[in-house]
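Here is a quick tour for anyone meeting this structure for the first time. Have a look at the picture, then read on.

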Amino acid sequence: MSLPLDRTAELLQSSAEHLVLVAVTMAIAASVGIPLGVWLHRHPRVGRWILGLTGVTQTIPSLALFGFLIPLHLAIGGVVLVGGIGPRTAIAVLVLYALLPVVRNTVTGLQSVDPRVREAGLAMGLTPSQLFWKVELPLAWKIILAGLRVATIATVGSATVAAAIDAGGLGKFIFRGLRMNDHGLILMGALPSAAIALLLDSLFGGLERLRIPTGSRLARPVRPAMRAAVPVLAALACFLGWRVGGFPGSPRQPVRVVVGAKDFTEQLLLGEWVAQTLEREPGLEVVRRFDLGGNLAHDALIAGDIDVYVEYTGTAWMAILREAYRPGASDMVARVRGAYRERFGIEVLEPLGFDDSFALLVRADTAKALPKRTFSAAIPQARGWRAAFGHDFLVRADGYPGLARTYGLQLAESPREMDLALTYQALVGGQVELIAGNATDGMISRFGLVQLEDDRHFFPPYEAVPVVRHDALRRVPRLRSLLEGLAGGLDRRTMRLLNDAVDHRHREPREVIREHLTAGRP
Amino acid sequence: MESPLVFRDVSYRLPDGRRLLEGLDLELGVGQTLVLLGRSGCGKTTTMKLINRLLEPTGGRIEVEGRSTLEWDIIALRRRIGYVLQDAGLFPHWTVRENVGLVPGLLGWEPERIQARVDELLEMLGLDPVVHAGRYPEALSGGQRQRVGIARALAADPAILLLDEPFSALDPITRRGLQAEFRALVHRLGKTMVLVTHDIREARALAHQVVLLHEGRAVFQGAPGRLESSDHPEVRAFLACLEDEGSVEDLT
């Protein structure tokens, strides 16, 4: 696989970020985990408890942990330690995962020291601290080192998840590759990550073969220096972690605007659209924080890590505000806006011009035979249709079951269940006459499909709306008018074409938007 | 001259109230050997650990060189007492030289003096310093490890030498050889010693004074020659073993 030059540079940069994530994580995990293990070994009752607890944290999915930590601004003396998006939170999560093997092996290692040897040490007149530094620690060291090794290798793997909260590293390529279904990109992230893991593993292999020469200089005070080194190293690791955590820049400076985006193609395009529009304004500095998984973009907005991103009214209403949608409800934008102001102090701006809700799709020839392109008008003919749906759509109350009830839909046979992407193939190939996709899927325009209008408003509207922090609007007076200038600027058809350019033609969102902004609109 | 070791009505109970030692009195002269005899679990090792304060008495008083063990600085006390464990208890991550040089090192001896002392002790115990000093315990035989254990205990010329069943983990042939050598060494050094054993033959060969413990109490106390005249059932049982063991060893 030969890469263009800029890709090579990006790969090196990401590998370096990845290594730094792992190094900082392990420095903290070791300087916390080993002393913790020593303490737990001396307090076995608490030990069992804490080991169980660290075991439990390992079973929490990392995205869930991110979700807990992002809104949690934990600061000491104005220095944010944990919280928000970026490397700091990622490292906090990675440290939690790395702790168990380090702590457990420290306890196991100390337990493995022969009690007769410990007793001999005491009987010879070693002080408790001499016994620890000269006998117990050196004898437990191999097992402790093995724990560090396991934790390090695992961290190399789990650090790829850090990309979900904009912490950089090789995960960027993997996430991007998964999204664009591009195996080359996935490998670009996975192979270097595997190489780093192998490299570090052999490094530890070499370390384990070294015998620690603690015995030969018994009388001389070498050990106190080592003892002093531990807190120094710990402080260094924390400082480094904090510095590294700081690299993406703070959103608090007056002319800087941080634009966020979720982790799928359309969101990256919308993020770019907002970012590049703002960048055209002189004196405005734009920071991008894209690829935020799940509802992390909302958490980041609340936490003040980003100033603006594009949300969908349906997601805002149901997933974030946790309100129920009543089919036919009108003016969702106004309802969401009111609730956002009241609950979050977040401003919801005017819609961008397209609705990314569920779309009922048919082939052009099927559409031609209909009197109108609405779903109501299609019901009489649908008795002869076959349909294929994705699993979600098939079982959700706001999917097929509710749809069939609302419209009185009856099909020729019960709908088939298949992968969403495959339903398009089935429709184009003439095996079915009806599928349900997302209204802005690039495949709709590529295959010349027709969307039947949901004229009874069964599906909640997913209008794309910029959501922005009030303090950002106050801080940057031009921001409101710039963002309002986006209203109505993207219709459904344009959005499909833009999505297709990225998903199908594998072009970079940044390029696609740049072209669109220079060629398309003034 | 002051007695190196005195027990005055010493008792030891576990926190749950179980008695491991009850009302032991004894006094040991300089250069004398005390043998603690008894079955497993009779309180021999407990008695030993009370001397170097790995345990502290719950009743009575133990004096080492005229001072209660509780008045000693615990670290100084332990460095003043040599200790040989059943399976040597050598530090596996240190060489023979590092093991033997431990206590002199802790006491701040000059490196040259430690070096010379280690060489001297290894030779005294029949090990060639050139060959063995650089080895790790895993590279030694059981008998060699025990020799190193004794050398380590003697290194800083302790006031008292404690030996907890030092030869019991060895095979019978090695054991007999080492016991004989050890007897010769003891006579030459004239060390004050406490030896824990369940081997009555060893007891009779080395002891100036024998204490036979049974369920935490001394059921016999005195010169080894008087063992035969005791009619306590536990003493008789031990003497009977001696006859059995003798006949078994004659067969082999």
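Take the contacts in chain B between residues at least 6 apart in sequence: what percentage of them join residues at least 24 apart? The answer is 67%. Keep in mind that this is a predicted model.

Sticking with chain B for a moment, you'll find 10 helices and 10 strands in it. The chain has 252 residues, and 44% of them are buried.

Now for where the chains meet. Chain B brings 20 residues to the contact, and chain A brings 17. On the chain B side, helix H2 (74–79) and helix H4 (102–106) each supply at least two of the residues that touch chain A. H4(B) gives the largest share of that side, with four residues. Sort the chain B residues that touch chain A by kind and you get 10 nonpolar, six polar and four charged.

Over in chain A, there's a neat strand pair to look at. Strand E3 (residues 256–262) and strand E4 (residues 285–292) of chain A run parallel, joined by six bridges. One of the links to spot is Val258(A), whose bridge partner in E4(A) is Val287(A). Helix H10 (residues 265–279) of chain A joins in too: together with E3(A) and E4(A), it makes a right-handed β-α-β unit.

Here are the three pieces of that unit:

| Element of chain A | Residues |
|---|---|
| Strand E3 | 256–262 |
| Helix H10 | 265–279 |
| Strand E4 | 285–292 |

Next stop: helix H13 (residues 332–344) of chain A. Does its length agree or disagree with what you'd expect at 1.5 Å a residue? It agrees: the 13 residues of H13(A) should span 18 Å, and the end C-alpha atoms are 17 Å apart.

Which residues of H13(A) are buried? They include Met332(A), Val336(A) and Arg337(A). Looking down the axis of H13(A), you'd see its buried residues fall within an arc of 130 degrees, so they line one face of the helix. What do they pack against? Their neighbours in chain A are helix H12 (313–320) and strand E6 (346–348).

Flip to the other side of H13(A) and you meet exposed residues: Ala334(A), Gly338(A) and Glu342(A). Finally, just after H13(A) comes Gly345(A), which takes a positive phi of about 65 degrees.

Terms used:
Residues are numbered from 1 along each chain as its sequence is written. Chains are lettered from A and ligands numbered from 1 in the order in which they are written. This is a predicted model: local features need pLDDT of at least 70, side-chain atom pairs count only at pLDDT 80 or more; totals for chains, interfaces and linings use all residues. A residue is buried if 20 or more other C-beta atoms lie within 10 Å of its own, exposed if 12 or fewer, and partly exposed in between; C-beta atoms are placed from the backbone. Two residues are in contact if their C-beta atoms, placed from the backbone, lie within 7 Å. Two strands pair if DSSP finds at least two bridges between them. A crossover is right-handed if, with the strands pointing away from the viewer, the path from the first strand over the helix to the second runs clockwise. The expected span of a helix is 1.5 Å times one less than its number of residues. The arc is that of the directions from the helix axis to the C-beta atoms. Ala, Val, Leu, Ile, Met, Phe, Trp, Tyr, Cys and Pro count as nonpolar, Asp, Glu, Lys and Arg as charged, and the others, Gly among them, as polar.
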